[in-house]
Every structure is written in C-alpha cells, then in structure tokens.
Amino acid sequence: MIEPICVEHEHANFNKAFLTGISSENNELDIICEFHHFSRIRHGNLKRRKNPFYKKLSNNRGLKVIQELLLTIYAFFWGNFKYDQVIFLSCSKINFLVYGLLSFITTRAKTYFVAHSILSTIESDKKAISLQKVVNLYLRHGNKMIVLGEPIKNNLKGVIWKLQNVISIPHLYEMGSIRKKQSSARLIFAFLGVMSKAKANLEFLSNNCKVLTNENFRIIGYSTQACNRIRFNIPTSPIPADDYERLIVESDYVVSCLDQSRYKYTASGTFFDSLKYSKPGIYLKNDFISYYFNEFGSLGYLCDTMDDIAQIIERIEEDGPDIKFYELCVSNINKARLFFEPRNNNQLLLELVS
C-alpha cells in the first residue's frame with residue numbers, strides 16, 4: 001500500500017475504511033505513508049514501512065513532484081520484487097505517467113491506483129501530455145484503476161480505452177453512530193468543507209438567497225480566497241475536528257452547489273458527510289449525487305439551478321420544513337449509510353486483492 005499524496009487527516013476516513021475492508025488473517029499489509037497519516041488509518045495487521053523518499057514537505061510544488069517521481073520508481077521495483085499487489089491509495093499525473101512508462105518492463109505484481117479528485121480534470125486537461133493520455137498509458141499494460149462509484153465509471157466510457165481495467169467500488173466511509181440535534185426552534189442550513197470556485201459555494205453566497213443570515217446559516221469549513229462580496233465571516237484555515245462535528249450536528253440541512261462538470265469523475269466529500277450525520281441535502285444536480293437518489297430515493301432536494309436551491313431554502317425558512325418529507329429523507333439516508341460501510345463491502349474488497 002502506498003499513499004503518495006495525503007498527509008495527516010486527508011482521505012483518512014476512506015483509507016482506513018478501505019484497509020479495514022481488505023484486511024484478513026491471510027494477507028500481509030505493508031504501507032508507505034506520512035507518519036501522522038498512518039496514526040489515523042492504522043488497523044489490524046497493517047505495518048508502516050519507512051521510505052527514504054517519503055518526507056512531509058513544504059508547499060514547494062517542485063519538491064513534491066520529485067518526491068512523487070522517486071516514490072513511484074521505488075514502489076515499482078520494490079513492490080514487484082516483494083508483493084503480489086501494489087495499491088496506490090491516491091495518485092497524481094506523475095504517478096500515472098511514471099508507472100505507465102515503467103510497465104513496459106514485465107511486471108509481476110497486480111497494480112491498482114485509487115482515483116479520487118485527480119479525474120476531475122480528465123476532459124479539461126489539453127496539454128501535450130494530458131491526464132487522459134497518461135491514464136490510458138498506465139491502463140494499457142493491464143494495470144487497474146479503482147474509481148469510487150458506478151456513475152464515475154459510466155462517465156469514463158469513451159474517455160478511457162480499456163474500461164475493463166477500471167474497477168468500480170463504493171466510496172467506503174465509516175459512518176459511526178448518529179448524533180441527534182438538540183431541539184431548537186431555529187432551522188440551520190450549512191455549507192461544508194473548503195469554499196472554492198469549483199464548489200461554486202462562494203458564487204452562490206455572493207449572488208443568491210438573501211434569506212440566509214448569520215442566525216440560520218453556518219459555514220463549516222474555510223476559504224483561502226478573498227470573499228469581499230460575502231456578508232458572512234469565513235474562516236481562513238480548517239476548523240478543529242470537534243467543532244466541525246458539533247456544528248454539523250446542530251444543522252438541519254446541508255447545502256451543496258458543486259460544479260456539475262467537475263463531479264462527473266469524482267465523489268463528493270460533502271455528500272458523504274451529509275450521510276454520516278444523517279442530514280438531508282439541498283443539492284445542485286450532478287451525475288454522482290443523482291445516481292444515489294435513484295438508488296435510495298430522496299436524500300433531500302435535487303435542484304437544476306442555483307436559483308432553485310435559493311428558492312427551496314427560502315420556502316423552508318418561510319413555511320417551515322415538510323416534516324414527513326424530512327423523515328422520509330432521513331430514512332433513505334440511513335439505508336445509504338449501510339451501503340457505504342466497509343463491513344458491508346468486505347467480500348467485494350477481499351475478492352479485489354485475492
């Protein structure tokens with residue numbers, strides 16, 4: 001197992017869930033990853049292997065590229081010598097390119113790359129060495145790519161040549177127990193995570209929904225972008241995990257206006273946090289979320305435009321929530337939670353690495 005990108009808490013929930021799912025008495029799991037990340041994903045017979053190329057670096061992009069390059073080369077030769085499977089828990093363009101080129105050499109180990117947000121640019125990357133080209137190079141030699149959801153694999157038709165080498169698994173997520181909100185007369189709407197152009201939440205707050213105030217709205221996240229046109233105070237760095245959880249528990253609805261083209265090929269962290277805390281969402285329609293509405297029923301509101309999102313918020317704020325519909329959404333969310341739990345996908349994951 002190799003985690004070439006994420007440090008500390010990044011992707012920790014998924015990585016721990018994935019490792020839990022593939023663990024058995026019959027396999028030995030070794031991992032190369034950043035030390036603090038390992039402390040968050042440690043599980044069972046998982047052992048951390050020290051690696052001379054893996055250091056927690058500064059934000060210097062050049063140094064990170066060199067690290068990814070050296071780590072990929074090291075993993076290729078070391079992994080093929082010692083292991084039956086090599087699994088990259090995340091991947092970059094460099095990983096795809098280098099491993100694809102090295103795969104012209106005969107390989108012994110089965111290799112899997114777990115693709116997260118990297119695929120979001122697979123259509124828009126028009127460079128000479130584009131992401132589409134390096135992914136196809138990597139898959140050409142029988143290497144496998146794991147995508148986190150059937151809607152993502154469906155959208156890769158026509159983009160990836162060897163779709164048979166793309167494996168779809170649920171985006172595993174350890175949901176835990178549900179914490180109930182204390183009774184309150186005030187309805188709370190919330191945005192979760194990083195506020196960014198790709199998520200379109202800054203645009204929404206600038207142009208829509210004047211009914212939102214500091215009393216009925218929470219930004220449970222942060223932004224590194226200037227937000228002069230927005231009347232809400234937005235943190236400029238991540239908030240502590242305990243505060244993040246407390247604020248979501250106190251909320252009633254999660255609001256999400258994710259860019260539709262970007263989320264053709266990547267899962268939504270906001271969506272999974274809304275499931276974890278059993279909160280109905282008010283979502284801008286995209287392929288990923290629409291797929292799970294079709295699978296489990298209404299998980300909240302599915303909207304065609306940001307104006308629709310604003311109108312639903314205003315209607316709920318003025319008339320109060322539709323209690324029966326809210327309870328139906330919570331019931332559907334609880335079914336969806338079970339689908340993504342690692343313990344319910346154990347057989348699928350063990351077959352993957354058998």
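**Exercise 1. Cysteines**

Work out why the sulfur of C6 forms no bond with the closest cysteine sulfur in this predicted model.

*Solution.*
Step 1. Find the closest partner: for C6 that is C91, with 10 Å between the two sulfurs.
Step 2. Recall what is being looked for: a disulfide is a covalent bond between the sulfur atoms of two cysteines.
Step 3. Compare the distance with the cut-off, which asks for sulfur atoms within 2.5 Å. At 10 Å, the sulfur of C91 is too far from that of C6 for a bond.
Step 4. Look at the whole structure, where the number of disulfides is zero. C33 fits this count, being in no disulfide, and its nearest cysteine sulfur belongs to C6, at 10 Å.
Step 5. Add the surroundings: C6 is buried at 3% relative accessibility, and C33 is buried at 1%.

**Exercise 2. Salt bridges across the chain**

Take the salt bridges D84 with R108, K93 with D125 and D304 with K285, and find where the partners of each pair sit.

*Solution.*
Step 1. Start from the principle that side chains of opposite charge can pair when their charged atoms come close. The structure holds ten salt bridges, and three of them are worked through here.
Step 2. For D84 and R108, the closest N and O atoms are 3.5 Å apart. D84 sits in the loop between helix 3 (61-82) and strand 3 (85-88), while R108 is in the loop between helix 4 (93-102) and strand 4 (110-115); the pair links distant parts of the chain, 24 residues apart. D84 is exposed, at 54% relative accessible area, and R108 is partly exposed, at 46%.
Step 3. For K93 and D125, the N to O distance is 2.8 Å. K93 belongs to helix 4 and D125 to the loop between strand 4 and helix 5 (131-140), so this salt bridge ties together parts 32 residues apart in sequence. K93 is partly exposed, with a relative accessible area of 25%, whereas D125 is buried, at 15%.
Step 4. For D304 and K285, the closest N and O atoms are 2.9 Å apart. The D304 side of this pair is in the loop between strand 11 and helix 11 (306-319), and K285 is in the loop between strand 10 and helix 10, with 19 residues separating them. K285 is partly exposed, at 35% relative accessible area.

**Exercise 3. A lysine without a salt bridge**

Describe the setting of K279, and find which side chain of opposite charge is nearest to K279.

*Solution.*
Step 1. Place the residue: K279 is in the loop between helix 9 (269-276) and strand 10 (281-284).
Step 2. Check the charge partner. K279 is buried and has no salt bridge; the nearest side chain of opposite charge is that of D252, 5.7 Å away. A salt bridge needs the nitrogen and the carboxyl oxygen within 4 Å.
Step 3. Look for another polar partner: the K279 side chain reaches the backbone oxygen of V249 at 3.0 Å.
Step 4. List some neighbours. Leaving out residues up to four places away in sequence, K279 touches several residues, including K181, I248, S251, V254 and I333. D252 and S274 are also among the residues K279 touches.

**Exercise 4. Two helices and their ends**

Decide how far helix 9 is enclosed, then compile the buried residues and packing partners of helix 10.

*Solution.*
Step 1. Count for helix 9: six of its eight residues are buried, so the rest of the structure largely encloses helix 9. These buried residues are T270, F271, F272, D273, S274 and L275.
Step 2. Inspect the ends of helix 9. At the N-terminal end, S268 acts as a cap, with a side-chain oxygen 3.4 Å from the backbone nitrogen of T270. After helix 9 comes S278, with a positive phi near 55°.
Step 3. Turn to helix 10 (residues 287-296), where F288, I289, S290, Y292, F293 and F296 are buried. They pack against helix 6 (150-155), helix 9, strand 10, strand 11 (300-303) and helix 12 (323-340).
Step 4. Inspect the ends of helix 10. At its start, a side-chain oxygen of N286 comes to within 3.1 Å of the backbone nitrogen of F288. G297 follows helix 10, and its phi is positive, near 95°.

How values were computed. Residues are numbered from 1 along each chain as its sequence is written. This is a predicted model: local features need pLDDT of at least 70, side-chain atom pairs count only at pLDDT 80 or more; totals for chains, interfaces and linings use all residues. Side-chain values use heavy atoms; hydrogens and water are left out. Helices (H or I, at least four residues) and strands (E, at least two) are DSSP runs, numbered from the N terminus. Buried means under 20% relative accessible area, exposed over 50%, partly exposed in between (1.4 Å probe, protein chains only). Lys and Arg count as positive and Asp and Glu as negative; His and the chain ends are not counted. A polar contact is a pair of N or O atoms within 3.5 Å; within protein, one must be able to donate a hydrogen and the other to accept it, and residues adjacent in sequence count only if both atoms are side-chain atoms. Contact means heavy atoms within 4.5 Å.
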